[in-house]
Amino acid sequence: MEQMQASRRIAAVLGPTNTGKTHLAVERMLGHTSGVIGCPLRLLAREIYEKIVSVRGAEAVALVTGEEKIVPRRPRYYVCTTEAMPRDLTVEFVAIDEIQLAADPERGHVFTDRILHARGLSETMFIGAATMKPLLKLLVPGIEFVSRPRFSNLSYAGERKITRLQSRSAVVAFAASDVYMLAESLRRLRGGTAVVLGALSPRTRNAQVAMFQAGEVDYLVATDAIGMGLNLDVNHVAFAELRKFDGWQPRNLTAPEIAQIAGRAGRHMRDGTFGTTADVGSLHPDIVAAVEQHTFPALTKIYWRNIQLDFKSIENLLRSLEIKPPSPQLIRPRDAEDVTSLRALIENPDILARANGHHAISLLWEVCSIPDFRKMFTDEHVKLLTTIYLHLSGPNSLLPSDWVHKMASHLDQTEGDIDTLAARIAHIRTWNYVGHRQDWVADPLELQERTRAIEDNLSDALHERLTQRFVDRRAAILVKGFEQQKDTPIRVKSGGELVIGGELLGRLQGLKFIPSDTGERPTGAIKSAIHHILAPQIQIQARALEAGRDEDFELTSSLTIIWDRAPVGHLSRGPSSLEPRVTPITGEMVDGHMRSLVRRRLEKWITNHIREHFAPLLNARDAQVTGPVRGIAFQLLEGFGNTERRHSDTLISILSAEDRKSIARLGIRLGQINLFVPAMLKTKVIALRAQLWRVHRNAIQATPPSPGRVSLQIANELPASYYSAVGYQPVGSLAVRVDILERLAAALRRRARQGPFSPTRELRSLCGAQPDDFTGILRSLGYQLAAANNEMQDQKRSDKVSLYIHAPKQRKHRKSRPKEKTNARLSFLDPGASPFEALRSLDLSNK
């Protein structure tokens with residue numbers, strides 16, 4: 001391919017973007033029996049390779065890049081990146097694309113070398129900007145020039161706010177952080193955008209571009225990476241920045257650079273426009289004229305570096321790299337990445353000790369040519385190159401397989417954010433490059449497959465993260481519908497679900513819109529559209545709730561009022577335990593007036609609900625009865641249906657026979673331990689009692705007893721007032737329902753009259769107690785072990801039966817005997833603490 005003086009034709013096809021130059025070169029190559037084309041980007045090389053495969057078959061074409069080699073047995077055509085073009089090929093046709101990159105400080109010397117030396121046997125074609133024409137005349141004798149006019153017009157559209165950008169626009173920035181910021185703005189305002197960065201792998205970049213091309217999003221935010229190798233359906237290019245960092249310092253964009261990027265707008269015969277965003281300012285009229293007319297100053301210098309390197313010694317290698325160019329039109333570049341790496345490695349004594357002789361120094365130069373795809377220029381890359389060289393220059397002359405695969409496998413992680421995944425992709429590309437050095441690893445094909453699979457996995461994950469962060473498909477559909485003057489594409493399903501384009505926005509629950517579980521709330525256009533669709537429906541719902549029947553409402557264990565299967569209100573502490581406050585559960589689409597109507601209806605319902613279940617107590621309170629009976633009724637109402645008898649002893653003592661009849665008619669039971677209303681011990685009533693207690697006490701953990709439970713294990717975190725509120729009385733380690741406790745107390749009194757007794761299973765079954773728990777109940781009710789317990793036991797029986805008697809009454813005037821201190825649970829035997837002091841004062845012997 002080099003120095004082929006027999007070439008019959010050397011042509012330069014020059015012109016602006018969108019002139020079909022690359023397409024022409026591919027057609028010309030396929031017209032020959034063999035050929036090679038050098039592309040500026042791996043992405044473009046892959047695209048051309050796939051096109052040729054579709055026309056000529058996979059066996060006819062090879063793909064050669066730094067990180068990817070697909071070479072069939074006898075390929076006729078080679079598609080390569082410019083740096084990876086084989087030097088030992090003899091082919092009929094050679095093409096070099098984007099030759100103006102010879103003026104690039106980093107890569108320019110590679111393009112210059114191909115311009116000077118790469119030749120086809122029959123035809124050589126250089127493709128690029130017209131600014132290269134004077135230099136080509138000087139450097140390539142006998143060259144022919146073919147001008148290609150742009151297929152469509154490119155015109156300046158001035159400044160535009162980002163909110164005013166037309167659909168199918170590309171916004172250009174030069175730092176990843178600025179790209180992300182712009183993308184997030186477009187997501188919020190216009191539904192989302194595709195993102196193209198130089199750091200993206202070809203697979204990720206293709207996926208993002210495909211999303212844009214398919215119309216899933218109408219905007220693209222990119223760096224100058226879109227300036228080459230991407231055929232995009234873009235109508236307008238907006239520059240959000242006019243300065244870039246060129247690797248050494250920030251500088252203004254040149255007119256040709258602006259033209260290269262702006263030329264993405266308008267493809268084939270469709271005109272395009274370019275401009276700036278409002279915060280950047282206008283382009284200078286001279287730049288505008290140059291871009292529109294495609295007239296730029298000719299390049300006068302391009303970069304050149306000697307390719308005849310001397311590997312006899314390190315000093316000779318450095319001197320050969322510093323040889324002056326042979327022509328005034330050629331200039332030496334600043335130290336490229338490979339030279340910078342070389343200078344860093346030779347500072348290492350271990351490297352210098354091995355870098356002796358042509359082979360060792362040539363190997364060192366090859367190792368220094370491993371690209372730093374992360375572009376970090378840190379010691380980490382130098383350390384990696386050092387390790388690789390020391391392995392390759394060692395006894396085995398190979399990289400250890402376990403080390404290589406460990407390094408690659410460490411990168412096989414798809415967790416992390418965008419920057420993390422992009423860094424892993426850049427790193428795995430390094431190992432992909434290493435894997436394509438056949439003489440560096442034991443099994444290059446295995447490593448290539450492994451690194452390719454990892455890169456693909458990471459690329460797919462990165463595309464997913466970019467889409468998640470910068471695309472709201474729902475908003476994109478909505479914005480597109482508005483721009484096309486279509487009806488709002490939001491639909492409300494029968495179950496209240498709101499969908500747009502098949503994606504769930506959320507659901508209408510009662511009087512409130514609940515966003516879908518995506519981690520974010522609707523904003524911008526989506527929020528406005530949801531309000532437009534739902535506000536009238538929610539007003540109708542609110543009116544229906546106001547007119548609803550009481551039986552349509554329900555109070556849940558979470559203190560939430562349910563209507564139409566949706567939460568519409570919540571209870572909180574009010575003026576009294578029977579007057580909880582109601583807070584409507586509504587969204588911002590319910591105005592203040594409607595919210596007041598909803599609140600009043602919910603307050604009316606909860607009042608009616610309490611009246612319905614507390615009717616026995618309220619009827620007793622309002623009945624025409626005497627003062628003592630009314631007093632007892634009030635105490636029962638305060639206790640939600642039961643109260644300890646000791647609190648009402650005075651009132652009970654003055655009840656007449658007629659009063660007792662009134663109490664019976666009102667459904668009130670005068671027990672020996674508690675006064676209670678049996679109707680208030682029904683399952684639903686107990687549940688409401690628990691809910692009202694929770695509301696008034698602001699208690700979180702207090703669930704009502706299970707239906708049918710006659711006793712509960714006392715929980716330390718709940719106060720005694722809870723058990724009383726739900727109709728239970730703490731006795732020992734259990735809380736026993738008050739009606740069951742009265743039955744048990746009566747049964748115990750009958751047993752005690754007959755002498756010492758044992759706690760039988762029948763007695764325990766009354767309150768559902770285990771033996772240990774029942775012992776505590778007996779003590780709390782005033783029973784103790786019989787003093788002559790041992791003598792009364794049957795000596796022939798091996799088991800021991802505990803016998804109990806009622807504890808003797810303690811005389812209040814005898815104070816000489818001190819009380820015993822104990823850590824045991826409080827016993828009702830203690831006269832000072834027992835609520836049953838009055839009960840023990842009664843003479844029950846004749847009952």
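Student: Which residues in α26 are buried?

Tutor: Keep in mind that we're looking at a predicted model. A residue counts as buried when its relative accessible area is under 20%. In α26, the ones that pass are V738, D739, I740, L741, E742, L744, A745, A746, A747, L748 and R749.

Student: How far apart are the end C-alpha atoms of helix α26, and what span should its residues give?

Tutor: Helix α26 covers residues 738-753, and that's 16 residues. At 1.5 Å a residue they should span 22 Å, so the helix agrees with what the model shows between its end C-alpha atoms: 23 Å.

Student: What follows α26, and what is its phi?

Tutor: Go just past the helix and you'll meet G755. Its phi is positive, near 110 degrees.

Student: How many aromatic pairs does a search of the whole structure find, and is the pair of F553 and W605 stacked, tilted or edge-to-face?

Tutor: The search turns up eight aromatic pairs. For F553 and W605, the ring centres are 5.8 Å apart and the planes sit at 35 degrees. Planes under 30 degrees apart would be stacked and over 60 edge-to-face, so this pair is tilted.

Student: Where in the chain do F553 and W605 sit, and how many residues apart are they?

Tutor: F553 belongs to strand β23 (residues 553-555), while W605 is in helix α19 (residues 592-613). Their pair links distant parts of the chain, and both residues are buried. The gap between them is 52 residues.

Student: What about Y722 and Y723: what kind of aromatic pair do they form, and which residues share a cluster with them?

Tutor: Their rings are 5.2 Å centre to centre with 70 degrees between the planes, an edge-to-face pair. Y722 is buried, and Y723 is too. Ring pairs tie these two into a cluster with W693.

Student: Which rings have the charged ends of K133 and R437 over them?

Tutor: For K133, the charged end lies over the ring of F145, 5.3 Å from its centre. For R437, the charged end lies 4.5 Å from the centre of a ring it sits over, and that ring belongs to W440.

Student: Is E455 buried or exposed, and which side chain does its own side chain join in a polar contact?

Tutor: E455 is found in helix α16 (residues 444-470). Its relative accessible area is 2%, so E455 is buried. Leaving aside neighbours within four places in sequence, its contacts include S201, P202 and I425. The polar contact, at 3.3 Å, is with the side chain of R42.

Conventions: Residues are numbered from 1 along each chain as its sequence is written. This is a predicted model: local features need pLDDT of at least 70, side-chain atom pairs count only at pLDDT 80 or more; totals for chains, interfaces and linings use all residues. Side-chain values use heavy atoms; hydrogens and water are left out. Rings of Phe, Tyr and Trp (its six-membered ring) pair if their centres lie within 6.5 Å; planes under 30 degrees apart count as stacked, over 60 as edge-to-face and the rest as tilted. Helices (H or I, at least four residues) and strands (E, at least two) are DSSP runs, numbered from the N terminus. Buried means under 20% relative accessible area, exposed over 50%, partly exposed in between (1.4 Å probe, protein chains only). A charge sits over a ring if NZ of Lys or CZ of Arg is within 6 Å of the ring centre and within 35 degrees of the ring normal. A polar contact is a pair of N or O atoms within 3.5 Å; within protein, one must be able to donate a hydrogen and the other to accept it, and residues adjacent in sequence count only if both atoms are side-chain atoms. Contact means heavy atoms within 4.5 Å. The expected span of a helix is 1.5 Å times one less than its number of residues.
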